[in-house]
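Dear colleague,

I am passing on the structure we spoke about, and would be glad if you kept it open while reading the notes underneath.

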Amino acid sequence: MVNIEKSQSGSTITVKINGVIQEGVEFDKLIGTPSGGELVINTKDVKRINSTGVKHWIQYFQKIAANGVKLRFSECSPPIVDQINLIKNFTCGGSIESISAPFSCAGCNSQFISVLAIADLRKLQGKMPEPPCPKCKAKTVFDDSPEEYLAFLKRS
Ligand SMILES: [Zn+2]
């Protein structure tokens, strides 16, 4: 249900989490327990996380953060962004680098996910960018409410 791709460069470990985070997920076994350095957590392919998954997530990342590991969350998928908005300490003191956001094309009706850097979003002051459709280059619309999806930006 959860797959992890792990790579290391210097003192930075990058993990790509793929699947559904729920009962029985063992981040200790999947990622290990680093102490110090940086851990980049890419959740672009996390399809879903339920309440038990959230509990395991917070327990694990709080422990790792307490070990002195700097947490950086990247390409957070929509279910992860929802949790970031709902739960204040979901990132356990880590930083969010980028999020994934669902868009629909007004021209050809295709749907796609675009990765948005937090630094760029801050420059737009709460507005959503309108990336061109990868298929037909037409104008696109964000599939959710920007105020709700980007609510976490106002917290820090
Ligand atoms: Zn299109």
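What follows is a short account of the sheet, the helices that pack on it, and two residues in loops.

Please bear in mind that this is a predicted model, in which local features need pLDDT of at least 70 and side-chain atom pairs count only at pLDDT 80 or more, while totals for chains, interfaces and linings use all residues. Residues are numbered from 1 along each chain as its sequence is written, and side-chain values use heavy atoms, with hydrogens and water left out.

Helices (H or I, at least four residues) and strands (E, at least two) are DSSP runs numbered from the N terminus, and two strands pair if DSSP finds at least two bridges between them. The order β1-β2-β3-β4-β5 describes an open sheet of five strands with mixed pairing. Because β1 (2-9) and β5 (95-96) each have a single partner strand, one side of each is left without a neighbour in the sheet. Within the sheet, β2 (residues 12-21) pairs with β3 (residues 38-49) in the parallel sense over nine bridges, and isoleucine 21 stands opposite isoleucine 49 in β3.

Helix α2 (residues 51-66) packs on the sheet and touches β2, β3 and β4 (70-74), where contact means heavy atoms within 4.5 Å.

Two residues that are not glycines have a positive phi: cysteine 92, at about 50 degrees, is in the loop between α3 and β5, and asparagine 109, at about 65 degrees, is in the loop between β6 (98-105) and β7 (111-117). Cysteine 92 counts as buried at 12% relative accessibility, whereas asparagine 109 is exposed at 66%; buried means under 20% relative accessible area and exposed over 50%, with partly exposed in between (1.4 Å probe, protein chains only).

With best wishes

Key. Axes fitted to C-alpha atoms, helices over the stretch in contact; angles between N-to-C directions.
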